[in-house]
Amino acid sequence: MTVAVLGAGLQGCCTALALAERGIDVVLFERAGAVLSRTAIANEGKIHLGWMYAADPSLATARTMMRGALAFAPFLERYLGIEAARLPTSFPAAYVVHRDSQHSVAEVGAYLAATHDLLRAASAARPHAYFGRDVAAPVRRWSDAELDAAFDPGHVAAVFDTPEVAIDPVDLARRLGAVIATHPRIEVRLGHEVTAADDGSVTTVAEGRTRREPFAAIVNALWESRLAIDATAGIGAGRPWLYRLKYGVGFKWPAGLPRPPSATIVSGPFGEVVSYPDATTYLTWYPSCVTEMSGEMQPPYWPASPEGAAGRSMVAGTVDGLAAIVRALAPIRGAELDGLWIKGGPIVAWGNTDIDDPRSELHNRYDIGVHSQGSYHSIDPGKLTMAPLFAEVCASRIAQGGGQ
């Protein structure tokens, strides 16, 4: 049996590996010239444990993210053959409640406590599944003195410690890409744009030539094209959706300057700082880094990096916006940053309003997963965190059903 996997981002590559391990041959289609080369590496790499979703008091999103997060490192250990604790991860994130947050300190604190209780129960049987880290320690609120030392209290109302980390997406892409490239059961077809997936066949265009090919099963793991290809298979979205083009800024932190803490600023259109032990630093500031939105079935093929003045303006706006909140960032305002890069990609979520709307569906990510219709399977991962878990779910479903 040969299965087509559409899209060689993180979800597609994980699914290809999970299928191949089950003895299934895979053809992996990718429009770009390399696997894991767009959205897969254009993010902060955070492996969510549910802390961010205070706008979902049902805790459904938190439960979903925990399932994905506790499956993430074991998947990498299994398929990469490396102990998860050796993978490069960031310093744990402090959750910072902005004074203009959509939720009060009391609301965020209560949500974090409830999420911690869920996480402690979920991790009890596998206490070191999250990159070898202990996630059962209670959430701790920073003292006023600690807050004032690291953040501007004019902007920050409270700070809470969490065990949540990010994984270096570039390093992850390199490791996964190497395994994909040498796997005997996985054929990678780069430069192949998928245009349809109907009646058990995949239609692609490569070098100006169109080809239609049947497969025992099809997995749609595309990112910005997933809904459009679902439509060719007769599967409608049935609800509104929104694509947001979001960029992030990365660089090596200057030697001799105190490091900024990893910090996630909640809740609303704010930003994030991710600090790695090797001095890699990632910043994103919503007002500067989100540049386009689309509610179309197929959004534009947005550039992975802004150029010229647009890029310089994005870096300046991001550093300035976050430096007003995070004290350690003030010295790098206007500085030449070593190894500077700007990368981005679309964020796909249900709903038709943006993150500045407290009722936006962007604030919850539980209505996601593997959706199957016969031998056709479409995966909506929602967040990077969920890709390994959904890959295993999809691969098991195909292996058990023979692709039907």
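User: Let's start with one residue pair. Which residue in β5 stands opposite Tyr95?

Analyst: Phe160 is the residue in β5 that stands opposite Tyr95. Please keep in mind as we go that this is a predicted model. The pair belongs to a longer ladder: β3 is joined to β5, residues 156-161, by 5 bridges, and the two strands run antiparallel.

User: Which strand is joined to β3 by 4 bridges, and does it run parallel or antiparallel?

Analyst: That strand is β12, residues 263-266, and β3 and β12 run parallel. Tyr95 is a handy landmark here too, with Thr264 as its bridge partner in β12. So when you trace β3 in the viewer, look for Phe160 of β5 opposite Tyr95, and for Thr264 of β12 as the other partner.

User: How do I read the two faces of a strand, and which residues of β3 are on each side?

Analyst: The general idea is that side chains in a regular strand alternate between the two faces of the sheet. In β3, Ala94, Val96 and His98 are on one side, while Tyr95 and Val97 are on the other. Both of these faces are covered. Counted over the strand, which spans residues 94-98, 5 of 5 residues are buried.

User: Let's take His98. Is it buried or exposed?

Analyst: His98, a residue of β3, has a relative accessible area of 8%; the cut-off for buried is under 20%, so His98 counts as buried. To see what is around His98, set aside the neighbours within four places in sequence: the remaining contacts are His155, Ile265, Val266, Phe270 and Ile325. There is a local polar detail as well, since a polar atom of the His98 side chain lies 2.9 Å from the backbone nitrogen of Asp100.

User: Now a helix. How do I find the buried side of α3, and which residues are buried?

Analyst: An α-helix has 3.6 residues a turn, so residues three or four places apart point the same way. In α3, the buried residues are Val108, Tyr111, Leu112, Thr115, His116, Leu119 and Ser123. Because they cover an arc of only 145 degrees around the axis, they are on the same side of α3. The face turned away from that side carries exposed residues, Ala106 and Ala121. Among the elements that cover the buried residues are α2 (60-80), β3 and β5.

User: How far does α3 reach from its first C-alpha to its last?

Analyst: It reaches 26 Å, close to the 27 Å expected at 1.5 Å a residue for its 19 residues, 105-123.

User: What about cysteines: how many disulfides does a search of the whole structure find?

Analyst: The search finds 0 disulfides. The way to read this is to look at sulfur separations. The closest cysteine sulfur to that of Cys13 is in Cys14, 7.2 Å away, which is too far for a bond; the cut-off is 2.5 Å. Cys14 is likewise in no disulfide, with Cys13 providing its nearest cysteine sulfur. As for accessibility, Cys13 is buried at 0%, and Cys14 is buried with a relative accessible area of 1%.

User: Loops next. Where is Val165 found, and is it buried or exposed?

Analyst: Val165 is found in the loop between β5 and α5 (169-182). With a relative accessible area of 1%, Val165 is buried. Beyond residues up to four places away in sequence, its contacts include Gly45, Ile47, Phe91, Pro92, Tyr130 and Phe131.

User: Where does Ala137 lie, and what is its relative accessible area?

Analyst: Ala137 lies in the loop between α3 and β4 (140-141). Its relative accessible area is 41%, so Ala137 is partly exposed. From Ala137 to Asp161, 24 residues apart in sequence, the C-alpha separation is 9.9 Å.

User: One more strand pair: how many residues lie between β17 and β18 in their hairpin?

Analyst: There are 2 residues between them, and Gly374 in the turn has a positive phi of about 65 degrees. The strands, residues 369-373 and 376-380, run antiparallel and are joined by 5 bridges. To get your bearings on this ladder, find Ser372, which stands opposite His377 in β18.

User: And in a helix, is Gly311 buried or exposed?

Analyst: Gly311, found in α8, residues 308-323, is buried with a relative accessible area of 5%. Leaving aside neighbours within four places in sequence, Gly311 is in contact with Pro306 and Ile342.

How values were computed
Residues are numbered from 1 along each chain as its sequence is written. This is a predicted model: local features need pLDDT of at least 70, side-chain atom pairs count only at pLDDT 80 or more; totals for chains, interfaces and linings use all residues. Side-chain values use heavy atoms; hydrogens and water are left out. Buried means under 20% relative accessible area, exposed over 50%, partly exposed in between (1.4 Å probe, protein chains only). Two strands pair if DSSP finds at least two bridges between them. A polar contact is a pair of N or O atoms within 3.5 Å; within protein, one must be able to donate a hydrogen and the other to accept it, and residues adjacent in sequence count only if both atoms are side-chain atoms. Contact means heavy atoms within 4.5 Å. The expected span of a helix is 1.5 Å times one less than its number of residues. The arc is that of the directions from the helix axis to the C-beta atoms.
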